[in-house]
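Here are some exercises to work through with the model open beside you. Try each task before you read its solution.

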Amino acid sequence: MRDDDLSVTLLDWYDANARVMPWRVAPSDRKAGQWPDPYRIWLSEVMLQQTTVAAVRDYFHSFTARWPTVQELADAADADVMGEWAGLGYYARARNLLKCARAVVADHGGVFPDTRDALITLPGIGPYTAAAIAAIAFDEQATVVDGNVERVMARLHDIHTPLPAAKGELTTLATALTPAERTGDYAQAVMDLGATVCTPKSPTCGICPWRDPCAARVAGTAADLPKKTPKKKIPTRYGVAYVVRRNDGAWLLETRPDKGLLGGMLGWPGSDWNEAPQPAPPLDADWHDLGVEARHTFTHFHLRLQIMTASVSDSTQARGHFMPATDFRPSDLPTVMRKVFDLAHATIECGAGPRYSKRSIDRSPR
Ligand code: SF4
């Protein structure tokens with residue numbers, strides 16, 4: 001089958017099977033002249049980086065309800081945006097989101113540029129996101145290659161070179177198939193095919209619009225593709241999180257430095273996350289070791305946090321700031337800090353757990 005015929009076949013399938021997404025315009029509406037809002041496409045693409053559609057939906061609704069336009073997002077307070085992003089992970093995205101919104105307002109009059117080349121100059125927009133916005137919002141003939149598309153291309157052409165070495169070859173193959181018309185629908189169609197039919201473990205080739213031309217289906221290799229170079233084992237790091245509550249209910253929190261992991265997010269005071277000796281707690285108190293760890297996996301390491309809790313008097317001074325209970329929203333915490341809170345807050349309120357002095361927790365690394 002020729003490349004043109006492959007894209008037409010897939011677009012026909014998409015017309016009948018497109019997933020409904022809050023940021024999308026249905027293919028029938030698009031044919032009737034309705035265009036997607038570039039602000040919503042950009043926001044969804046940034047949220048979807050490293051994150052599933054299911055995890056993104058609620059965040060997308062919250063963001064667009066609170067900040068319906070790029071201008072309103074650009075005017076938002078940093079802390080409000082970081083708080084609304086909490087739990088979605090990869091927090092550099094939220095910081096870049098604000099930078100990008102402000103650049104669109106300052107440099108482009110509040111209107112997103114309509115070409116891939118111009119989009120890629122904006123903060124936080126890389127080649128993938130620029131191509132996705134250009135194709136989906138403006139129908140520019142830009143090729144969008146994410147993990148779904150790589151998998152579908154590897155199978156359609158029975159490519160056995162492992163990823164990431166195969167990326168260039170798979171991008172070339174994807175580019176050859178990208179049509180000049182209905183480019184945005186086509187980009188979403190390949191993603192939908194990968195997400196719903198050509199799935200990682202059990203592709204349902206029997207209902208696939210590309211089952212006849214698919215080389216991997218014919219060869220019986222579909223479920224084994226794409227090949228991947230085995231990932232290196234990631235290390236485990238250790239740290240301590242100090243959860244302190246004042247008698248008036250306020251929580252001791254700190255805003256993490258802008259640069260670095262969880263930059264700009266709220267968190268509990270704590271140690272560095274490595275295997276070096278632990279620093280002192282943020283204040284003198286009768287510390288309780290919760291006896292359970294908060295565990296979390298980042299891209300490059302696993303983290304195990306010991307949790308120390310304390311209740312203190314209203315006059316206590318400490319590193320960080322006490323946030324009144326009425327202002328504190330656990331949902332503003334990034335996921336690992338939320339895990340600490342979920343484990344700690346019941347205990348800190350009833351004061352359970354073994355007691356440790358400040359000195360006794362200045363101990364050797366595990
Ligand atoms: Fe994927 Fe099977 Fe379709 Fe090939 S036929 S593209 S392996 S679902």
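**Exercise 1.** Find which loop holds L262, and decide whether L262 is buried or exposed.

*Solution.* Step one: L262 is found in the loop between β2 (251–255) and β3 (266–267), where strands are DSSP runs of E of at least two residues and helices runs of H or I of at least four, numbered from the N terminus. Step two: the phi of L262 is near 55°, a positive value in a residue other than glycine. Most residues other than glycine have a negative phi. Step three: L262 counts as buried because its relative accessible area is 5%; buried means under 20%, exposed over 50% and partly exposed in between, with a 1.4 Å probe and protein chains only.

Before you go on, note that this is a predicted model, in which local features need pLDDT of at least 70, side-chain atom pairs count only at pLDDT 80 or more, and totals for chains, interfaces and linings use all residues. Residues are numbered from 1 along each chain as its sequence is written, and side-chain values use heavy atoms, with hydrogens and water left out.

**Exercise 2.** Work out where D139 is found and what its phi is.

*Solution.* Start with the place: D139 is found in the loop between α9 and α10. Its phi is near 60°, again positive in a residue other than glycine. At 22% relative accessibility, D139 counts as partly exposed.

**Exercise 3.** Locate the cis peptide bonds that lead into P164 and P226.

*Solution.* Take P164: a cis bond joins L163 to P164, with omega about 5°, and P164 is found in the loop between α10 and α11. Now take P226: the bond from L225 to P226 is cis, with omega near 0°, and P226 is found in the loop between α13 (215–219) and β1 (236–246). Most peptide bonds are trans.

**Exercise 4.** List residues around the ligand, then check the structure for disulfides.

*Solution.* First, the residues around the ligand, each with a heavy atom within 4 Å of it, include R155, R211, R217, C198, C205, C208 and C214. Second, sort the shell by class: seven nonpolar, no polar and three charged residues. Here Ala, Val, Leu, Ile, Met, Phe, Trp, Tyr, Cys and Pro count as nonpolar, Asp, Glu, Lys and Arg as charged, and the others, Gly among them, as polar. Third, C208 is buried, at 9% relative accessibility, and C214 is buried too, at 11%. Last, a search of the whole structure finds zero disulfides, a disulfide being a pair of cysteine sulfur atoms within 2.5 Å.
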